[in-house]
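User: Please examine the following model and answer a series of questions about its architecture and local geometry.

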Amino acid sequence: MPVNKKISFSVLCAFLIIGAVLFVHNFTTPMQMLEELPYSEFKTLLAAGNVAEITVTRQSLIGKLKPEEGSKELKLFTTVRVEDPDLVKDLNVRNVKFTGMIENTFLRDIMWWVIPALIFGGIWFFVIRRLGQGLGQGQKGFMTVGKSKAKIYAEKDTKVTFADVAGVEEAKEELREVIEFLKTPEKFTRLGGKIPKGILLVGPPGTGKTLLARAVAGEAGVTFFSISGSEFVEMFVGVGASRVRDLFEQAKAKAPCIIFIDELDALGKARGAGPMAHEEREQTLNQLLVEMDGFDPRIAVILMAATNRPEILDPALLRPGRFDRQVLVDRPDKIGRLAILRVHAKRVALGPDADLEVIAGMTPGFSGADLANIINEATLLAVRRNKEQVDLSELQEAVERVVAGLEKKNRVLNKMEKERVAYHEVGHALVALSFPGADPIQKISIIPRGIAALGYTLQLPTEDRFLMAKTELENKIAVLLGGRNAEELIFGEASTGAQNDLVRATDIAKSMVKSYGMSEKLGTVTLDRERQPLIMQIQAPREKGDYSEETAREIDCEVRRIIDEQYDRVRWLLAEKKRVLVEGAKTLLDREVISGSELKAIMDKY
Ligand code: ADP
Ligand code: ZN
């Protein structure tokens with residue numbers, strides 16, 4: 001930009017100087033001792049052959065007379081300029097040299113046009129640029145309209161392989177099939193194999209989702225197209241949609257290949273949620289859906305996307321044929337952490353005492369990116385200390401530094417808290433395993449995840465649900481209450497950790513009473529004017545419907561009754577299975593993560 005500015009400025013200067021020279025030249029030359037002649041006299045002198053040469057200016061003619069006999073002096077004269085069509089002819093007849101004819105003034109007239117135009121142009125340019133800067137850092141000035149910010153990156157060879165990604169073995173296993181497909185699409189399509197079009201990588205930031213997607217491309221040897229969902233949000237209406245079209249066009253031409261959309265949630269938030277300026281996002285999202293539905297499954301283009309908030313995604317994105325396969329990319333357990341540390345320590349000279357296992361033991365809750373950061377910090381420390389190798393002391397100090405950075409973001413649990421979280425999570429899982437029809441338990445973890453959740457129990461729905469029976473909703477509530485109940489059973493009192501569970505349980509109970517007519521007391525009526533899918537309601541509780549105070553009170557009573565019923569049910573269940581709860585929690589404390597089937601095995605033992 002400064003270069004541009006300089007260029008236009010110097011062009012401006014050049015024109016100004018040329019203009020000034022012309023001006024000065026034409027108007028100052030006559031300012032000598034001149035004899036003013038009437039035009040008629042000039043014509044007479046010309047006819048007599050006494051004029052040596054003349055210069056024509058805008059208002060006058062300036063010329064030299066031939067020297068009179070006996071004198072050598074050329075006499076200068078001036079005369080007004082008159083519209084005289086014969087002038088040029090007469091001058092030619094007399095062989096008089098003349099300069100600065102009409103052409104000359106024509107050029108100068110042009111200058112009078114060009115200079116103001118340039119000045120205006122310059123002012124316009126700078127003002128507009130100012131305006132552009134005023135728009136904020138998002139848009140780089142007015143001049144970049146059309147050059148959309150969301151860049152499509154295409155990498156022919158990512159040079160990343162599965163060996164570079166560690167600690168996410170399950171995810172890798174699930175993606176092997178995709179690699180096979182990309183390598184030999186013919187084989188799959190001939191056998192009529194069904195390959196997922198869209199794969200959603202779900203997990204907290206820094207766990208290697210992007211890395212994993214690039215590794216799939218690297219392993220299969222295909223082009224990797226990537227684009228970030230958050231960049232779409234900043235764009236002008238219509239640009240995002242055309243960008244998506246572009247992306248798919250390019251990808252289809254390069255098939256087999258992978259399209260990767262980072263931060264899908266930024267673009268794929270549930271429609272209608274969120275504040276204004278969502279029009280662009282909606283258009284872009286719609287275009288994405290259109291493209292996903294439109295492309296031939298036989299074309300080997302695999303769409304991958306990453307998110308750490310799958311729950312806010314528009315349900316349309318998760319329908320069959322779209323992102324219908326979800327792959328969990330979670331924070332690594334101890335073995336995983338060790339593997340990741342090893343990957344990143346490959347390029348580093350480690351001292352004999354630098355035991356990575358010690359570091360892996362120190363870092364529960366760390367993501368792959370955090371661990372990469374530790375190796376990096378340790379190397380920097382060693383360099384600063386003029387060491388030839390990285391020793392344990394540097395690694396330990398690096399852990400402390402990274403922890404200090406993380407502590408602001410994540411809570412580090414003490415032993416007591418950890419124990420509580422373990423019982424809480426096993427409580428959820430145990431209820432889910434005991435009541436038929438609840439979503440199966442994938443894994444139970446006490447590795448802290450983000451700010452809100454200290455641990456979590458991951459239940460993956462077996463299928464898309466559009467309908468839920470009353471008992472299923474009740475079971476859902478029961479599972480949510482399982483955590484708090486387990487804490488009460490073991491520690492004699494509940495903790496603040498169950499708040500989110502209670503909110504969600506209450507929301508479900510409320511929907512049952514208000515929207516789905518599942519309360520006998522209030523009858524089969526819907527008290528919400530418009531029925532919304534349960535998932536949306538849980539996110540954004542509806543404003544008060546139009547019913548009386550009394551009905552409101554009844555609703556509250558009914559909600560309480562439903563919750564209480566489930567609470568009692570869970571209490572009985574957990575009391576009965578206390579030994580399973582204790583052993584499950586102990587195992588979990590020990591290992592940080594256990595799978596649903598492991599807990600089931602413990603349950604079957606008793
Ligand atoms: P995400 O996309 O999940 O936010 P990234 O893939 O961008 O995370 O990870 C950032 C960096 O952290 C990677 O480039 C890599 O250096 C490191 N990293 C993260 N996870 C892993 C892992 N599982 N194995 C090895 N390195 C990892
Ligand atoms: Zn809970």
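The questions below concern a predicted model.

User: What share of the 606 residues in the protein is buried?
Analyst: In this predicted model, the protein has 22 helices and 14 strands. Of the contacts with a separation of 6 or more, 72% are between residues 24 or more positions apart. Within the 606 residues, the share that is buried is 42%.

User: Which residues coordinate the zinc ion (ligand 2)?
Analyst: The donor residues of the zinc ion (ligand 2) follow the spacing H-x3-H-x72-D in sequence. The coordination is at 2.0 Å, through NE2 of both histidines and OD of the aspartate. The residues are His424, His428 and Asp501.

User: How many residues apart in sequence are the parts that His428 and Asp501 tie together?
Analyst: His428 is buried because its relative accessible area of 7% is under the 20% cut-off. Asp501, at 10% relative accessibility, also counts as buried. His428 belongs to helix H16 (residues 415-434) and Asp501 to helix H18 (residues 499-514), so the parts that this pair ties together are separated in sequence by 73 residues.

User: Which helices and strands each supply at least two residues of the largest nonpolar core?
Analyst: The largest nonpolar core has 30 residues. Those with the most contacts inside it are Leu175, Leu182, Leu201, Val216, Ile258, Ile302 and Met304. The elements that each supply at least two residues of this core are helix H5 (169-183), strand S7 (198-202), helix H7 (209-220), strand S9 (257-262) and strand S10 (301-307).

User: How many residues are in the second, separate core?
Analyst: Ile302 is among the residues with the most contacts inside the largest nonpolar core. Beyond four places in sequence, Ile302 touches Val178, Phe181, Leu182, Ile195, Pro196, Lys197, Ile199, Cys257, Ile258 and Ile259. The second core is separate and includes Val202, Met292, Ala305 and Leu317; its number of residues is 27.

User: How many charged residues are in the lining of the largest cavity?
Analyst: A search of the whole structure finds two cavities of 30 Å³ or more, and the largest holds about 40 Å³ of space. Its lining consists of Phe181, Ile195, Pro196, Lys197, Phe295, Asp296, Pro297, Ile299, Val301 and Ile302. By class, eight of these are nonpolar and none is polar, and the number of charged residues is two.

User: Is Lys197 buried or exposed?
Analyst: Lys197 lies in the loop between helix H6 (185-190) and S7. Leaving out residues up to four places away, Lys197 touches Met292, Asp293, Phe295, Val301, Ile302, Leu303, Gly321 and Arg322. The C-alpha atoms of Lys197 and Val301 are separated by 7.5 Å, although the two are 104 residues apart along the chain. At 15% relative accessibility, Lys197 counts as buried.

User: Which residues does Lys269 contact, leaving aside its neighbours within four places in sequence?
Analyst: Lys269 is placed in the loop between helix H10 (264-268) and helix H11 (279-294), and at 29% relative accessibility Lys269 counts as partly exposed. The C-alpha atoms of Lys269 and Pro310, 41 residues apart along the chain, are separated by 9.2 Å. The residues in contact are Arg281, Leu285, Arg309, Ile312 and Asp314.

User: Where is Pro256, which a cis peptide bond joins to Ala255?
Analyst: For the bond between Ala255 and Pro256, omega is about 0°, and the peptide is cis. Pro256 is found in the loop between helix H9 (239-253) and S9.

User: Is Asn386 buried or exposed?
Analyst: Asn386 is not a glycine, although its phi is positive, about 55°. Asn386 lies in the loop between helix H14 (368-384) and helix H15 (392-407). Its relative accessibility of 69% is over the 50% cut-off, so Asn386 counts as exposed.

User: Is Glu592 buried or exposed?
Analyst: Phi of Glu592 is positive, near 75°, in a residue other than glycine. Glu592 lies in the loop between helix H21 (578-591) and strand S14 (593-595). With a relative accessible area of 12%, Glu592 is buried.

User: What distance separates the C-alpha atoms of Met518 and Ala469?
Analyst: Met518 is in the loop between H18 and helix H19 (534-539). Met518 is buried, with a relative accessible area of 17%. Met518 and Ala469 are 49 residues apart along the chain, and their C-alpha atoms are separated by 9.7 Å.

Key: Residues are numbered from 1 along each chain as its sequence is written. Chains are lettered from A and ligands numbered from 1 in the order in which they are written. This is a predicted model: local features need pLDDT of at least 70, side-chain atom pairs count only at pLDDT 80 or more; totals for chains, interfaces and linings use all residues. Side-chain values use heavy atoms; hydrogens and water are left out. Donors are N, O and S atoms within 2.8 Å of the metal (3.2 Å for Na, K and Ca); water is not among the atoms, so sites may look incomplete. Helices (H or I, at least four residues) and strands (E, at least two) are DSSP runs, numbered from the N terminus. Buried means under 20% relative accessible area, exposed over 50%, partly exposed in between (1.4 Å probe, protein chains only). A nonpolar core is a set of buried Ala, Val, Leu, Ile, Met, Phe, Trp, Tyr and Cys residues joined through side-chain atoms within 4.5 Å. Contact means heavy atoms within 4.5 Å. On a 1 Å grid over the protein atoms alone, a cavity is a set of points where a 1.4 Å probe fits but cannot get out, and a pocket is an open set with protein on both sides within 12 Å along at least five of seven lines; lining residues have an atom within 4 Å of a point. Grid points are joined across faces, edges and corners, and a volume is the space filled by probe spheres set on the points. Ala, Val, Leu, Ile, Met, Phe, Trp, Tyr, Cys and Pro count as nonpolar, Asp, Glu, Lys and Arg as charged, and the others, Gly among them, as polar.
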